[in-house]
Every structure is written in C-alpha cells, then in structure tokens.
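This briefing describes a single model for a reader who works with atomic coordinates. Please consult the sequence and the structure shown here alongside the text.

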Amino acid sequence: MRRSGLFLVLVWCGTSAGTVAGEEATYVGVKKCKTCHIKVYQTWKETKHALAFDKLSEQEKQDAKCTECHTTGKDVNFPGIQCEACHAPGSKFTSATIMNKKKYSADPEGQRKMALEAGLIIARMRRTASSATMSAVPTTRVLISRRATRR
Ligand code: HEC
Ligand code: HEC
Ligand code: HEC
C-alpha cells in the first residue's frame, strides 16, 4: 500500500508537469461526465466499479478504511469507482474550451493535447493484467498513468 502510494505521488508529479501552474484539478463527479457521455455512463453504471459503494453496509459506508477504495478521491460524495478514478480529476479538462464537441470534431489531436495537458489520463489497459489488478484502483491508476506519461 505504501509503495503504491509513493508511486502515485511520483506519477502525479509526472502527469502534472505539463499543466499550467496553479491549483490542482479537483473531482467534479460522474454526474458531470454523464451530461455529455451518456452512452459510456450507461455502460459504466452497470459495472462493479459503479456499484462498489452501494455494496457496503451503512456502517462500512462511514468507515474511512473502506471508503478509501470504495469511493473516488476518498470522498463519499463521489461513491464508487467513477470516471475520474481512472481518467483523473476533471475540473480542468472538462472545461468548455477543451471538451467541446465542435472543437473536438474540428481538431481532435489538438483538443486531446489540451485535455492531456489539463490532466486527462487516457491509456490502453494492459491486456495481460488480471481482472483483479484492473479492479485495484490505486494499481490501475498507476498502470494507466505510467502508460500516459510514456506517450
Ligand atoms: C461538456 C461536455 C463534456 C463533459 C462535461 C465531459 N466531456 Fe469528455 N468529451 C467531450 C467531448 C465532446 C469529447 C470528444 C470525443 C467524444 O465526442 O467522445 C470528449 C472526450 C473525452 C475523452 C476521450 C478524449 C480523447 O481525446 O480521446 C475522455 C476520456 C473523456 N471525455 C472523459 C470525460 C470525463 C471523465 C468527464 C467527467 C469528469 C468528461 N469527459 C466530461 C465532452 C464532455
Ligand atoms: C485497498 C483498497 C480497498 C480497501 C481499503 C477496501 N476494499 Fe473492498 N474491494 C477492493 C477491490 C479492488 C475490490 C474488488 C476486487 C475483489 O473483489 O477483490 C473490492 C471488493 C469488495 C467487495 C465486493 C464488491 C462486489 O462488487 O462484489 C466488498 C463487499 C468489499 N470490497 C467491502 C469492503 C469493506 C467492508 C472494506 C472496509 C473494511 C473494504 N472493502 C476496503 C478494494 C478495497
Ligand atoms: C476502471 C477505469 C475506468 C473507468 C471507471 C472509466 N474509464 Fe473511460 N476509459 C478507461 C480506459 C482504460 C479507456 C481506454 C483508453 C484508450 O482507448 O486508450 C477509456 C476510454 C474512455 C473514452 C474514450 C473511448 C470511448 O469509449 O469513447 C471515454 C470518452 C471515456 N473513457 C469516458 C469515461 C466516462 C465518462 C466514465 C464514467 C462514466 C469512464 N470513462 C469510466 C478507463 C476507465
């Protein structure tokens, strides 16, 4: 656990290197992503990732030992393994100038570059990784982030 924590810190330094100086991006929650990504949302909401918080008992939902992994950003306001657990906190990359349908279809590469600079993580998961590895959020995030920083 300690080790992956350390990795996460290193990875975050790596991914934020390209972002504009200033405040760190924060989580906006799946409701925001849903407004534009309705199809992805509908697929996601049936997954174990989406239901990870609901599966906990009322007592466990208040136990930091459980919410640490069963929420996004360790925040019970963002229950389950939401979009941003894998794609990184979205306050910056979801801005109207970046995730904009018109702009994206006119210049997908340019918009993607901006999104990545604003912290978005997109990387193919390793096919060989076990489903258990994929579910382990901290690990998944490190895997994805490492990939992203290697691009
Ligand atoms: C205002 C609308 C809007 C919101 C809100 C939004 N997106 Fe997007 N997003 C887009 C558009 C438009 C694209 C361009 C590609 C497409 O149409 O899927 C995109 C692309 C993406 C991509 C692919 C990027 C690429 O270049 O391949 C990811 C990943 C993504 N969004 C994740 C998210 C996540 C996570 C959230 C919530 C934190 C979010 N989006 C919120 C509109 C939005
Ligand atoms: C270090 C991260 C981590 C912590 C801390 C953690 N979990 Fe989990 N939990 C997971 C992962 C990853 C899975 C899915 C993979 C698996 O089943 O092993 C999971 C699965 C579960 C499931 C099965 C969910 C399903 O969809 O069937 C339950 C129930 C659960 N955890 C309860 C708890 C409780 C209760 C606590 C607190 C005492 C807790 N977990 C703490 C990572 C964690
Ligand atoms: C468990 C991790 C994980 C979660 C949770 C997750 N994604 Fe993704 N997402 C990925 C990976 C991995 C890819 C593949 C990237 C690639 O193709 O390189 C991807 C691809 C995408 C894409 C681009 C390709 C496509 O299918 O259109 C969009 C948009 C996207 N995700 C949005 C979302 C949204 C919105 C949510 C929440 C409703 C979400 N993701 C939840 C890991 C995740």
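The points below cover confidence, fold, ligand surroundings and the nonpolar core.

The model is predicted. Its protein chain holds ten helices and two strands, and buried residues account for 25% of the 151 residues. The shells around ligand 1 and ligand 3 are described separately, followed by the core and one of its residues, F93.

**Confidence**

- The protein chain has a mean pLDDT of 80, with 68% of its residues at 70 or more.
- Residues 1-19 have a pLDDT below 50, and this stretch makes 22 contacts in the model beyond near neighbours in sequence.
- Residues 126-130 also have a pLDDT below 50, and for this stretch the model shows three contacts beyond near neighbours in sequence.

**Fold**

- The order of elements along the sequence is α-α-α-α-α-β-β-α-α-α-α-α.
- When contacts between residues at least 6 apart in sequence are considered, 64% of them join residues at least 24 apart.
- Strand β1 (residues 71-72) and strand β2 (residues 75-79) run antiparallel and are joined by two bridges.
- T72 has D75 in β2 as its bridge partner.
- Two residues separate the strands of the β1 and β2 hairpin, in which G73 adopts a positive phi near 65°.

**Surroundings of ligand 1**

- Ligand 1 has 17 residues around it, and those that come nearest are C33, C36, G90, M99 and R112.
- Two or more residues of this shell are supplied by each of α2 (30-36), α6 (83-87), α7 (101-106) and α8 (108-117).
- With four residues, α2 provides the largest share of the shell around ligand 1.
- The composition of the shell around ligand 1 is eight nonpolar, five polar and four charged residues.

**Surroundings of ligand 3**

- Ligand 3 is surrounded by 18 residues, of which C33, H37, W44, C83 and C86 come nearest.
- The elements α2, α3 (38-44) and α6 each give two or more residues to the shell around ligand 3.
- Here the largest share, four residues, belongs to α6.
- The shell around ligand 3 contains twelve nonpolar residues, five polar residues and one charged residue.
- C33 is named among the nearest residues for ligand 1 and also for ligand 3.

**Nonpolar core**

- The largest nonpolar core comprises 17 residues, and F93, I98, A115, A118 and L120 have the most contacts inside it.
- Elements that contribute two or more residues to this core are α2, α6 and α8.
- The greatest contribution to this core is that of α6, with three residues.
- α2 and α6 therefore appear in the core and in the shells of ligand 1 and ligand 3.

**F93 within the core**

- F93 is located in the loop between α6 and α7.
- F93 counts as buried because it has 22 C-beta neighbours inside 10 Å, where the cut-off for a buried residue is 20 or more.
- Leaving aside residues up to four places away in sequence, F93 touches I98, M99, A115, A118, G119 and L120.
- One of these contacts, M99, is also among the residues that come nearest to ligand 1.
- F93 and I121 stand 28 residues apart in sequence, with a C-alpha to C-alpha distance of 9.8 Å in space.

Terms used. Residues numbered from 1 in each chain as written. Chains lettered and ligands numbered in written order. Predicted model: local features only at pLDDT ≥ 70, side-chain atom pairs only at ≥ 80, totals over all residues. Near = placed C-beta within 6 Å. Nonpolar A, V, L, I, M, F, W, Y, C, P; charged D, E, K, R; others polar. Buried ≥ 20, exposed ≤ 12 C-beta atoms within 10 Å, placed from the backbone. Contact = placed C-beta atoms within 7 Å. Pairing = 2+ DSSP bridges. pLDDT = per-residue confidence, 0-100. Core = buried A, V, L, I, M, F, W, Y, C linked by C-beta atoms within 7 Å.
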